[in-house]
Amino acid sequence: MLFQNGKLSVRPLEQQDSSLLVKWLSNPVVLEFYEGRDNAFDLEKVQESFYNDEPEVVRCIVEVGKIAIGYIQFYRIDAEERTLYGYTNEKETIYGMDQFIGEVEYWNKGIGTALVQSMVEFLFEQKQVERVVMDPQTWNERAIRCYEKCGFNKVNLLPKHELHEGEYRDCWLIEYIK
């Protein structure tokens, strides 16, 4: 287990979690906000996307009271992303993170806020990061409210940054600095 905060815990992704990812990432309600409803995942796509040899990405399952409810990943921002985001200090340790709650009945219960706050705390304490960034799509107001509640601030608009449901969508670069 990476960390626990009350009933919320985050543990490394395991092979047997592939069926959970297929379930969550084939649900149109989840896909509307993560990946797009035109981009459903089957077992083969989950294997390719989540179980590849990318050691710099730490992939995890989110649990509440031992029930798997979602996914979170974190990674050191590479040189290409630093340039895209306008970060020029190469010595600064910057991490990115992405997450979703796949069990829809757990939405709007404060779990996302607890998850993001806990992960940011983990990254600052365990990875000695100096900045955490994310790039949510501008229309995803619920996620943005969650991130702002956790202390993230909008830094820059990223026009036509992410392909979602057949069109390139604007995203916000948001960051948390301790």
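**Legends: overall fold and helix 6**

**View 1. Overall dimensions of the predicted model.** For 178 residues, a compact globule would have a radius of gyration near 16 Å, and the protein agrees with this because its own value is 16 Å. The C-alpha trace spans about 40 × 40 × 35 Å along the principal axes. Of the 178 residues, 48% count as buried.

**View 2. Order of helices and strands.** The protein contains 6 helices and 8 strands. Along the sequence they follow the pattern β-β-α-α-α-β-β-α-β-α-β-α-β-β. Among contacts between residues at least 6 apart in sequence, 60% join residues at least 24 apart.

**View 3. The two sides of helix 6 (residues 141–149).** Ala-143, Ile-144, Cys-146 and Tyr-147 are buried in this helix. These residues lie on the same side of helix 6 because they cover an arc of only 160° around the axis. An α-helix has 3.6 residues a turn, so residues three or four places apart point the same way. On the other side of helix 6, Glu-141, Arg-145 and Lys-149 are exposed.

**View 4. Cover over helix 6 and the residue that follows.** The buried residues of helix 6 are covered by elements including helix 5 (111–126) and strand 6 (131–134). Strand 5 (94–101), strand 7 (153–164) and strand 8 (167–176) are also among the covering elements. Gly-151 follows helix 6 and has a positive phi, near 105°.

**View 5. Surface and charges.** The protein exposes about 9,500 Å², of which carbon and sulfur atoms supply 47%. It carries 20 positive and 31 negative charges, and the mean positions of the two sets are 6 Å apart.

Methods. Residues are numbered from 1 along each chain as its sequence is written. This is a predicted model: local features need pLDDT of at least 70, side-chain atom pairs count only at pLDDT 80 or more; totals for chains, interfaces and linings use all residues. Side-chain values use heavy atoms; hydrogens and water are left out. Buried means under 20% relative accessible area, exposed over 50%, partly exposed in between (1.4 Å probe, protein chains only). Helices (H or I, at least four residues) and strands (E, at least two) are DSSP runs, numbered from the N terminus. The arc is that of the directions from the helix axis to the C-beta atoms. Contact means heavy atoms within 4.5 Å. The radius of gyration is taken over C-alpha atoms; the globule rule is 2.2 Å times the number of residues to the power 0.38. Accessible areas come from the Shrake-Rupley method with a 1.4 Å probe; for residues, only the protein chains shown count as cover. Lys and Arg count as positive and Asp and Glu as negative; His and the chain ends are not counted. The place of a charge is taken as NZ of Lys, CZ of Arg, CG of Asp or CD of Glu.
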